[in-house]
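I opened my notebook to look up how this chain is divided and what sits in its core. Here is the structure I worked from.

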Amino acid sequence: MGTIFLKGARLASGRKCDIRIEGDRIVAVADSLPAPGADARIIDCRNYYAIPGLYNMHTHAAMTLVRGVGKGETLHTWLQEIWDIESHLDEEAIYWGTKLAALEMIKCGVTCFADMYWMIPSAMKAVDEMGLRASLSYVLLDGGDREKARKQREECEEVAAQASLWPEKVQFSLGIHADYTVCDENMEWASDFAFRRNLKVQAHLSETEKEMRDTIAKYGFSPVAHFDRYGLVNSNFIAAHGLWLSDTDIETLGSRGATVVHNINSNLMLSSGYKFKYKELRDAGANVCVGTDGTASSDNLDVRESMKTMLLLQWAWRRDPKALPLEELLQAATLNGARALGFDSGRIEEGALADIALIDVRRPAFVPDFNFLSNYVLAADSSCVDTLICGGEILMENRRVKGEEEILDMAEKNARRLMKQARG
Ligand SMILES: [Zn+2]
């Protein structure tokens, strides 16, 4: 990492400027900056727009290995096939599955993701080697089994202790799979554990109508109220989905400054619903972000594609193209993610971490250049991302990522191995 000089890039606002990066941060953004020293890396940006790297705020990265499994089957058969394969997951599979996910996200302009999956030390190794930023959560999921719940608490403590040695770009967080899969004892423990360590807490929340109804039937209140009872709904709380929310739930999430991640492509595929209450959540003060969910249900990790679906559906079901402005959509997919995880990134400004995607606009989808953001979200596909910089490190240039051939081969090999084991 040294100096990177982005010469003559345009920002999403249309402003043309030079951007100077030193180490992991943006140190200057101006209409014209003095030429850097001979050792600087200069990138001629006359054909590029520079946008902040995207944040994929909810996924299960190594599920890339079950992509396409059970498609066209009923929900039950589909889930069973995936569980059969997942029961054979090991560290090697997690490592290559996470590498494949990282490679795919890099190609789509994603510089950071929030993950809920297994064996996170192996995922951490993969993320670190790929150079991405991430928040990896240790996921609590006991299904009411007290012995399993106890073991998970112990293991979580162990991983948390190791995480103090993790690289700066990778954050340890706590995952609570959902209110209906984690016992009361572990909810209580999770609240205390996260509070003492000031951890971000990732959870699935109010994803389906059934979940909402079942929780109300069991406890007498909603999933949001259930989490809130344990003091978990606060600015560290990152709730995936939030499709089935009452006005009171929205008020609770908003007043506590919680994050709600919309995963529209997964919600559509699983028929969970599509009427995400973007405006109400935003107006109540919630921090709305964008996610893809895992590739079993999305089926890719392309945040730009999620942005497009989110935009179209908000405009459609509200019957109002002002229901979600393009600028707010970009902010939801960048700055809001950074805020949720506490990374000083998601914006192209002096002092911020240098997480930047360079978008190649010498292609049909960007001509004419009347409205860059509209072209980027609605007309283009993610192959327009030419170069990706994360923390001052160039992870992709001319769409080439170091080691990509090996990642494709090893991920394919591991996915086939798991499938063979699952089928006995
Ligand atoms: Zn999920």
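Before I start on the core, a term: a nonpolar core is a set of buried Ala, Val, Leu, Ile, Met, Phe, Trp, Tyr and Cys residues joined through C-beta atoms within 7 Å. I also kept in mind that this is a predicted model.

**Entry 1: the core.** I looked up the largest nonpolar core and got 133 residues. Ala50, Ile106, Ala123, Leu132 and Ile359 have the most contacts inside it. Which helix gives the largest share of this core? I found that helix α2, residues 91-107, does, with ten residues. I then checked the domains, and the core draws at least three residues from each of domain 1 and domain 2.

**Entry 2: Ala123.** I picked one of those well-connected residues and listed what Ala123 touches, leaving out residues up to four places away in sequence. My list reads Ala61, Ala62, Ile94, Thr98, Asp115, Tyr117 and Leu136.

**Entry 3: the two domains.** I noted that domain 1 comes in two stretches, 3-52 and 361-404, while domain 2 covers 54-341. I got 29 Å between their centres, taken over C-alpha atoms.

**Entry 4: where they touch.** How many residues of domain 1 are in contact with domain 2? I got 17, and they meet 23 residues of domain 2. On the domain 1 side, α14 (372-379), β15 (385-390) and β16 (393-396) each give two or more residues. I saw that α14 has the largest share there, with four residues. Sorting that side by class, I wrote down eleven nonpolar, three polar and three charged residues.

Notes. Residues are numbered from 1 along each chain as its sequence is written. This is a predicted model: local features need pLDDT of at least 70, side-chain atom pairs count only at pLDDT 80 or more; totals for chains, interfaces and linings use all residues. Domain bounds come from an automatic or database domain assignment. Two residues are in contact if their C-beta atoms, placed from the backbone, lie within 7 Å. Ala, Val, Leu, Ile, Met, Phe, Trp, Tyr, Cys and Pro count as nonpolar, Asp, Glu, Lys and Arg as charged, and the others, Gly among them, as polar. A residue is buried if 20 or more other C-beta atoms lie within 10 Å of its own, exposed if 12 or fewer, and partly exposed in between; C-beta atoms are placed from the backbone.
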